[in-house]
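This briefing is meant to be read alongside the sequence and the coordinates. It takes up aromatic side chains, then a sheet, then the packing of helices.

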Amino acid sequence: MKTIRTTFVALAAGLSVLWLAAEASALAAAQGVFPWRNLLVQYSGVLGMGLMSAGMLLALRPAWLDERLHGLDKGYRLHKWLGIAGLVLSVAHWLFAKGPKWLVQAGWLERPQRGPRPQLEPDSLLALMQGLRHPAEEIGEYAFYVMLALIAIALIKRFPYRRFFQTHRAMALVYLVLVFHSVVLTKAEYWLQPVGLVLAALMAVGTVSAFMSLARRIGRARRVEGRVESVEFLPGTQVTAVTVKLADGWRGHDAGQFAFVTFDAAEGAHPFTIASAWAGDGRLRFLIKALGDYTRTLPQALKAGDAVAVEGPYGRFRFEGRQRRQVWIGAGIGVTPFVARLQALARHPDGRTIDMFHPTAAVDATALARLAADAGAAGVRLHVLQDARDGRLDAARLRQLVPDWLHADFWFCGPAAFGEALKRDLAAAGLPPGRFHQELFEMR
């Protein structure tokens with residue numbers, strides 16, 4: 001979380017400082033509603049487009065950013081923050097542009113007299129831009145309304161994932177319209193100053209990203225076709241275990257990574273953690289919890305032989321660290337990356353002492369027996385805590401059950417609020433920063 005907060009703040013602060021430098025004299029001289037309105041329109045536009053451009057880049061799922069942000073899960077969290085910030089700034093931009101006009105129409109504010117416009121050469125670039133101002137304002141306003149609807153669909157979980165997947169692609173087209181709006185309406189003076197050069201670079205990167213999205217090239221180089229090999233439903237936990245056999249091209253993965261899996265082209269790709277260690281045979285196993293309309297249909301909809309596409313692997317939840325002591329907490333379906341790691345350790349032990357906690361409300365005898373067998377083969381001490389029988393797990397209980405916890409690295413996957421509470425309480429008890437690793441597995 002620290003990395004994505006730092007990245008977000010650095011981007012927003014950097015653009016703000018560059019804009020302040022460009023408008024230092026105008027800010028000092030500004031008096032009255034309309035001069036301030038014009039400044040705020042420009043500032044909200046520059047900052048909003050800068051943040052949205054960075055969000056477009058993250059939508060490409062670039063491998064080099066996966067490394068720098070410590071996992072695609074962190075990248076998607078930053079992408080979400082950038083989208084929300086872009087939405088807020090777009091609303092502010094719209095209000096700054098429209099609000100004074102409404103006040104003038106209501107008779108509450110008087111518009112100052114405009115001075116004569118500068119004479120422009122008829123065939124100059126500035127004259128062309130001047131002629132495009134009105135259409136840029138019009139289509140920019142309509143793009144803003146469409147963006148409101150698309151971001152609402154993305155953020156409101158009541159809309160099914162399928163609708164989110166189908167409509168979110170249109171954000172690339174909306175973004176391109178907003179680039180045109182910004183190029184025409186951003187102050188011409190900016191383009192020869194650092195704020196304009198940085199904004200132009202960001203919009204150029206965002207434009208390339210948008211065209212790649214519209215051409216459906218995102219992740220294509222990391223996508224491998226295959227077939228469903230087996231489907232097993234575990235009724236106690238409402239989990240569907242799916243094994244797929246991929247064609248040549250999958251380069252392998254580390255335990256703890258995930259992939260985007262497409263069983264149905266109309267539904268689109270869903271992110272699922274890989275629940276098997278890589279054995280070089282093209283087989284991957286996924287444990288898919290019935291959490292929505294689509295995942296509830298998988299036991300009936302999937303069968304052996306069905307086509308599947310897998311894109312990845314992604315993520316940095318790799319159980320690295322200097323400590324020879326580790327504590328794992330896999331809550332509910334968050335147990336999945338640990339299953340893959342258990343299998344990897346059974347083949348290649350790393351000499352660490354590990355306690356694994358699996359707090360769960362749902363119980364399936366078959367799943368627990370397999371988990372216990374995997375833990376035994378890996379030499380990992382397993383603690384299964386059933387909520388109804390054993391109560392809830394908290395930091396105090398962890399410290400009691402693992403006396404040398406202060407010398408351990410903690411790895412958590414499960415509900416975000418649960419993980420944050422454990423992290424906060426352990427840090428308050430003395431766990432050094434950076435020793436608690438949490439997967440932010442929420443891609444929407």
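In this predicted model, one aromatic cluster is formed by W94, W102, Y142, F144 and Y145. A search of the whole structure finds 21 aromatic pairs, and two of these pairs are described below, followed by a parallel sheet of 5 strands and the packing of helix α11 with helix α12.

**Aromatic pairs**

- Within the cluster that includes F144 and Y145, the ring centres of these two residues lie 5.5 Å apart and their planes stand at 55°, so the pair is classed as tilted.
- The two partners differ in burial class, since F144 counts as buried at 6% relative accessibility, whereas Y145, with a relative accessible area of 32%, is partly exposed.
- A second pair consists of F412 and F436, whose ring centres are 6.2 Å apart and whose planes make 25°, which falls under the 30 degrees required for stacking, so this pair is stacked.
- F412 belongs to strand β10 and F436 to strand β11, and with their positions 24 residues apart in the numbering the pair links distant parts of the chain; both F412 and F436 are buried.

**The parallel sheet**

- The open sheet has its 5 strands in the order β9-β8-β7-β10-β11, with parallel pairing, and its neighbouring strands are turned by 15° against each other on average when direction is ignored.
- Strands β9 (381-386) and β11 (436-438) stand at the edges, and because each has a single partner strand, one side of each is left without a neighbour in the sheet.
- Strand β7 (residues 325-330) and strand β10 (residues 408-413) run parallel and are joined by 6 bridges, and the bridge partner of G330 in β10 is C413.
- Helix α11 packs on this sheet, where it touches β7, β8 (353-360) and β10, and the direction of α11 makes about 140° with that of β7.

**Packing of α11 with α12**

- Helix α11 (residues 336-347) packs with helix α12 (residues 365-378) at an angle of about 35°, the axes being 8 Å apart, and the crossing in which α11 passes α12 is left-handed.
- On the α11 side the contact is made by V339, L342, Q343, L345 and A346, while α12 contributes L371, D374, A375, A377 and A378.
- Sorted by class, the residues of this contact between α11 and α12 comprise 8 nonpolar, 1 polar and 1 charged.

Conventions. Residues are numbered from 1 along each chain as its sequence is written. This is a predicted model: local features need pLDDT of at least 70, side-chain atom pairs count only at pLDDT 80 or more; totals for chains, interfaces and linings use all residues. Side-chain values use heavy atoms; hydrogens and water are left out. Axes are lines fitted to C-alpha atoms, for helices over the stretch in contact, and angles run from 0 to 180 degrees between N-to-C directions. Helices (H or I, at least four residues) and strands (E, at least two) are DSSP runs, numbered from the N terminus. A crossing is left-handed if the near helix is turned anticlockwise from the far one by less than a right angle, and right-handed if clockwise. Contact means heavy atoms within 4.5 Å. Ala, Val, Leu, Ile, Met, Phe, Trp, Tyr, Cys and Pro count as nonpolar, Asp, Glu, Lys and Arg as charged, and the others, Gly among them, as polar. Two strands pair if DSSP finds at least two bridges between them. Rings of Phe, Tyr and Trp (its six-membered ring) pair if their centres lie within 6.5 Å; planes under 30 degrees apart count as stacked, over 60 as edge-to-face and the rest as tilted. Buried means under 20% relative accessible area, exposed over 50%, partly exposed in between (1.4 Å probe, protein chains only).
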